[in-house]
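Student: I would like to learn how to read a model of this kind, beginning with the whole chain and ending with one residue. Could you take me through it step by step?

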Amino acid sequence: MHSGRSPGQAALSLSTREAGPATVIAVGGEADLDNVGGLGAALDAAARSTEGPVVLDLAELTFADSTTINVLLRAYGVLGPRLRLAALTPFLERVLGVTGVSEVVPVFRTVAEALGNDAV
């Protein structure tokens, strides 16, 4: 499966930062079969390196396919409610709602809300 990405469209970008006891992973561009392995690796590394929350800042993620959903669910299997999704775009809200992911994985309106929630 190919994303159908045309020249000039953003590939997947990831940046990780520590925020107190939490790890925040900002995800941007398009996540698909061709590149979602990087997100899985970042989530695995965060699971090994912190006991605190792992917040995915999804404000800049413009596309996610079924392989991305699998990565999120696998990460939730390891991290449980420590995995928090934040700042979903309308597209992602719809995808995660239709697939039921947002009923399982905690979703927050903003990164600050995800970090401020101490229910780990």
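**From the whole chain to one threonine**

Tutor: In this protein, 70% of the contacts with a separation of 6 or more are between residues 24 or more positions apart. Please keep in mind throughout that this is a predicted model.

Student: How many helices and strands are there in the protein, and what pattern does the protein follow along the sequence?

Tutor: The protein has 4 helices and 5 strands, and reading along the sequence gives the pattern β-β-α-β-α-β-α-β-α.

Student: What share of the residues count as buried, and how much of the accessible surface belongs to carbon and sulfur atoms?

Tutor: Of the 120 residues, 43% count as buried, while the accessible surface comes to about 6,200 Å², with 55% of that belonging to carbon and sulfur atoms.

Student: Turning to a single residue, where is T50 found, and is T50 buried or exposed?

Tutor: T50 is found in the loop that runs between helix 1 (37-49) and strand 3 (54-64). Buried means a relative accessible area under 20%; the value for T50 is 11%, and therefore T50 is buried.

Student: Which backbone atoms does the side chain of T50 reach, in P21 and in G52?

Tutor: For polar contacts, the general idea is to look for a pair of N or O atoms within 3.5 Å. The side chain of T50 reaches the backbone oxygen of P21 at 2.9 Å, and a polar atom of that side chain lies 2.9 Å from the backbone nitrogen of G52.

Student: Which residues does T50 touch, if those up to four places away in sequence are not counted?

Tutor: Leaving those aside, T50 touches P21, T23 and R82, so that P21 appears both in this list and as the residue whose backbone oxygen the T50 side chain reaches.

Conventions
Residues are numbered from 1 along each chain as its sequence is written. This is a predicted model: local features need pLDDT of at least 70, side-chain atom pairs count only at pLDDT 80 or more; totals for chains, interfaces and linings use all residues. Side-chain values use heavy atoms; hydrogens and water are left out. Helices (H or I, at least four residues) and strands (E, at least two) are DSSP runs, numbered from the N terminus. Buried means under 20% relative accessible area, exposed over 50%, partly exposed in between (1.4 Å probe, protein chains only). A polar contact is a pair of N or O atoms within 3.5 Å; within protein, one must be able to donate a hydrogen and the other to accept it, and residues adjacent in sequence count only if both atoms are side-chain atoms. Contact means heavy atoms within 4.5 Å. Accessible areas come from the Shrake-Rupley method with a 1.4 Å probe; for residues, only the protein chains shown count as cover.
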